[in-house]
Amino acid sequence: MRTTILMAVGLLALAACAEPPPPAPPAPPPRPAPAPAPYQPRPSADQCGAVEAQRFVGRSRSDIPVPVQPALQRVACTTCPVTMDFNPRRLNFFYDAATGVVKEVRCG
């Protein structure tokens, strides 16, 4: 019995001298979530009449009719700055600044 007690005391003494295990490495930081795509509303149909106005593509910008409602029609060159607000009822004519020829007609 005495031997068992001495062995137990000896094992406890050895265990007390052991170094503690090293701390675990820190977890890597979480990856940031990808940014959501900007909201781009899609018109359900041709709400501005762009399909009919495609006949102006390739023609001079002076052929574009004067709008009845100016708030619903915009004429700008392809390199000109325009506001990025989306209005599905607004008809946009984009022309080449050098030639004055209509390059694109679309809603927005």
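The exercises below work through a predicted model of one protein, each with a solution in steps.

Residues are numbered from 1 along each chain as its sequence is written. In this predicted model, local features need pLDDT of at least 70, side-chain atom pairs count only at pLDDT 80 or more, and totals for chains, interfaces and linings use all residues, while side-chain values use heavy atoms and leave out hydrogens and water.

**Exercise 1. Describe the order of helices and strands, and state how strand 2 is paired.**

Solution. Begin with the elements, which are DSSP runs numbered from the N terminus, helices being H or I of at least four residues and strands being E of at least two. The protein has two helices and three strands, and along the sequence they follow the pattern α-α-β-β-β.

Next, take the pairing of strands, for which DSSP must find at least two bridges between them. Strand 1 and strand 2 run parallel and are joined by five bridges; Ala76, for example, has Phe94 in strand 2 as its bridge partner. Strand 2 also pairs with strand 3 (residues 102-107), here in the antiparallel sense and over five bridges, with Asn92 facing its bridge partner Arg106 in strand 3.

Finally, look at the connection: strand 2 and strand 3 form a hairpin with six residues between them, and Gly100 in the turn has a positive phi of about 80°.

**Exercise 2. Classify the aromatic pair of the structure and say where its two residues lie.**

Solution. The rule is that rings of Phe, Tyr and Trp (its six-membered ring) pair if their centres lie within 6.5 Å, with planes under 30 degrees apart counted as stacked, over 60 as edge-to-face and the rest as tilted. One such pair is found in the structure. Because the ring centres of Phe56 and Phe93 are 5.8 Å apart and their planes stand at 80°, the pair is edge-to-face.

The two residues come from distant parts of the chain, 37 residues apart: Phe56 belongs to the loop between helix 2 (50-53) and strand 1 (73-77), whereas Phe93 belongs to strand 2 (residues 91-95).

For burial, the classes are buried at under 20% relative accessible area, exposed at over 50%, and partly exposed in between (1.4 Å probe, protein chains only). Both Phe56 and Phe93 are buried. In strand 2, both faces are covered, with Leu91, Phe93 and Tyr95 buried on one side and Asn92 and Phe94 buried on the other. For the protein as a whole, 19% of the 108 residues count as buried.

**Exercise 3. Find the salt bridges and decide whether each partner is buried or partly exposed.**

Solution. A salt bridge requires a side-chain nitrogen of Lys or Arg within 4 Å of a carboxyl oxygen of Asp or Glu, and by this rule the count is three.

- Asp63 and Arg59 have their closest N and O atoms 3.5 Å apart; Asp63 is partly exposed at 36% relative accessibility, and Arg59 is partly exposed at 34%.
- Asp85 and Arg90 meet through their side chains at 3.6 Å, N to O; Asp85 is partly exposed, with a relative accessible area of 43%, but Arg90 is buried, with 8%.
- Glu104 and Arg106 have their closest N and O atoms 2.9 Å apart; Glu104 is partly exposed at 33% relative accessibility, and Arg106 is partly exposed with a relative accessible area of 39%.
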